[in-house]
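Subject: Structure for you to look at

Hello,

Here is the structure I said I would pass on. Please open it first, then read my notes below with the structure beside you.

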Amino acid sequence: MDSDYGIPRELSAVQKLRSQNQPDLPPCLQGTTVRVEFGDTTTAADPTDANTISRYFPNTYGQPLAHFLRATAKVAGAQVISEHPAMRVGIVFCGRQSPGGHNVIWGLLKALKTHNPNSTLLGFLGGSEGLFAQKILEITDDVLATYKNQGGYDLLGRTKDQIRTKEQVNATLTACNALKLAGLVIIGGVTSNTDAAQLAETFAEAKCQTKVVGVPVTMNGDLKNQFVEANVGFDTVCKVNSQLISNMCTDALSAEKYYYFIRLMGRKASHVALECTLQSHPNLVILGEEVAASKLTLFDIATRICDAVQDRAAQDKNHGVILLPEGLIESIPEVYALLKEIHGLYRQGVSADKISSQLSPWASALFEFLPHFIKKQLLLLPESDDSAQLSQIETEKLLAHLVEVEMNKRQKEGTYKGKKFNAICHFFGYQARGSLPSNFDCDYAYVLGHICYHMLAAGLNGYMATVTNLKNPLNKWRCGATPFTAMMSVKRWSQNPGSAASIGKPGIFPVTVDLKGKAYELLRQNATKFLLDDIYRNPGPLQFEGPGADSKAVTLCVEDQDYMGRIKKLQEYLDQIRTIVKPGCSQEVLKAALSVMGSVSEVLTVMSSSSLNAPSSL
């Protein structure tokens, strides 16, 4: 199987054209001279987590932010990285494939060879398992030729992918020492980057020469914080799914007799479902975060859909499209409690065929109420983090079944006057993740690859490549590097007994949809129109030229971000204050400065409390 990795692809005409397209770089990364400016030391988003994080990561906690600037930038203290010795760098795919991953490799290779043609990039074959076994492929421009701007992870492949146990960490340390790597780049999402952070700490403690850095690549879009505005792959996956959803909308409007129930990927967070809704305007979306916040039961959700069907029927509309995130099932309180009980019995050694007889009375009643196909799916063995196998649980069919039963009942009672309810179900779980990447993901991944080189050239260990101001044109993007520990939080509790090991331990955790954010507010403002007016919108197939080619995610564009830009602006204001308020300034100026700064300090102290500042994570 290893012999299949890295072989030239057979490309279609479109693929060939894409492979020849050269992504752009922001001005700060162009040329052979890049300046790096180190900002203040970083802390935790929640001050109450700081001590715990620093205890777990004594060698990598509190490192400064790094900003990469163009060679001509006149910034006091910014350093030019003048020495570029030949280096050997390893790179590995971790986690599920996400469109754009190959361009991270391309960007890193290009930067390595630009600064020293004698540098070497080694790809580990088969994900983390290949890393442990030291299975490598030297990446060259010829090897990459048919993978540039292409989807999938088939250049190197991937496996289960975790680097967490003592044996796995030691195997990675051994591999990096044996291969004399100056750097190890880990491409993945929240779990992979948490593992990368632990690796970086272990390597620092062991005085290993290998620096560990990470790249935010996940189609789920749940690796978000003040430093990371978007994940590679999310833009593509949402565009591809949005077109499929729009096709269903057009079909529903044409036939006027079907309700399409569509379940979308995204794990526990509903970012994909929210973005696809804002792009394609289906009639209804039910986000897991809404259900969890309102503690909606399975009956509540079914009733909400039934009421929507009835309201539309009153306007002589007997069709529609309903989106559901795959994590919805775990957000329903009673179903989640049932899953927790099932998983607890598995941990006690109870076999699948004996589970139903050992459930508590209330859990048994719910289990027996559910359709047979859902029972079988709920009995699937849990994932390593004790969560359900979300991609295998057909929530869309469950809800369609419950809605059909209720609508038939209402029709018999005479409260529903519409046509017979007909549902067609789909799961869009794998159709988009192997897609050709969008222009945005191609550029974003390529830029992140370049940043990885500059992080390693600057000697940074325990950092993630970051780009902010992403909603603006590429020449306005701000490139930098952020310590993993600045993105961490500490779980104080967990509903999952199987996740007990993570309680009290720092990590980078998935972030859910912000129900107070601007993207969700945009959805709420349009929810009634989406439900009743059939204002379906078709963005068309993924485009590389012409209208829509350079469009970006709605959820990215509506939010007011650019955290790194604001940090720099704050530094400029503080520098101005230092210039104005010096020994010898007037009493009035000094009094005004003390008054204002005192008030600001009090306000910021209150705002930095964990209740206001902690991110929403799972």
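Ten strands, that is 10 strands in one sheet, run in the order β3-β1-β2-β14-β13-β8-β7-β4-β5-β6. The sheet is open and its pairing is mixed. At its edges are β3 (79-80) and β6 (136-139), each of which pairs on one side only. Please keep in mind that this is a predicted model.

Part of the sheet can be followed strand by strand. Strand β7 (residues 183-188) pairs with β8 in the parallel sense, over 6 bridges. In that pair, V185 stands opposite V213 of β8. Strand β8 (residues 211-216) also pairs with strand β13 (residues 463-468), again in the parallel sense but over 2 bridges. V213 has a bridge partner here too, namely Y463 in β13. As for cover, 5 of the 6 residues of β8 are buried, which makes the strand mostly covered. When you look at the strands, remember that in a regular strand the side chains alternate between the two faces of the sheet.

Next, a helix. How many residues of α9 are buried? Helix α9 covers residues 271-280, and 10 of its 10 residues are buried. Among them are H271, E275 and Q279, along with V272, A273 and L274. C276, T277, L278 and S280 are buried as well. What do the buried residues of α9 pack against? Their partners include the helices α8 (234-255), α19 (518-533) and α20 (554-558). Strands are on the list too: β9 (259-264), β10 (284-285) and β11 (320-325). As background, an α-helix has 3.6 residues a turn, so residues three or four places apart point the same way.

Two loop residues have a backbone angle to check. Most residues other than glycine have a negative phi. H281, which follows α9, is not a glycine, yet its phi is positive, about 60°. H281 lies in the loop between α9 and β10. Is H281 buried or exposed? The relative accessible area of H281 is 17%, so it counts as buried, the cut-off being under 20%.

Q134 also has a positive phi of about 60° and is not a glycine. Q134 is found in the loop between α4 (127-133) and β6, and β6 is one of the edge strands of the sheet. The relative accessible area of Q134 is 31%, so this residue is partly exposed.

Now the whole chain. The protein chain has 23 helices and 16 strands. Its radius of gyration is 26 Å, close to the 25 Å that the globule rule gives for 618 residues, so the chain is as compact as a globular protein of that length. Along the principal axes, the C-alpha atoms fill a box of roughly 85 × 70 × 55 Å. Of the 618 residues, 55% are buried. Taking contacts between residues at least 6 apart in sequence, 79% join residues at least 24 apart.

Last, the surface and the charges. The chain exposes about 26500 Å², and carbon and sulfur atoms supply 53% of that area. There are 61 positive and 60 negative side chains, and the centres of the two sets lie 2 Å apart.

Regards

Terms used
Residues are numbered from 1 along each chain as its sequence is written. This is a predicted model: local features need pLDDT of at least 70, side-chain atom pairs count only at pLDDT 80 or more; totals for chains, interfaces and linings use all residues. Side-chain values use heavy atoms; hydrogens and water are left out. Helices (H or I, at least four residues) and strands (E, at least two) are DSSP runs, numbered from the N terminus. The radius of gyration is taken over C-alpha atoms; the globule rule is 2.2 Å times the number of residues to the power 0.38. Buried means under 20% relative accessible area, exposed over 50%, partly exposed in between (1.4 Å probe, protein chains only). Contact means heavy atoms within 4.5 Å. Accessible areas come from the Shrake-Rupley method with a 1.4 Å probe; for residues, only the protein chains shown count as cover. Lys and Arg count as positive and Asp and Glu as negative; His and the chain ends are not counted. The place of a charge is taken as NZ of Lys, CZ of Arg, CG of Asp or CD of Glu. Two strands pair if DSSP finds at least two bridges between them.
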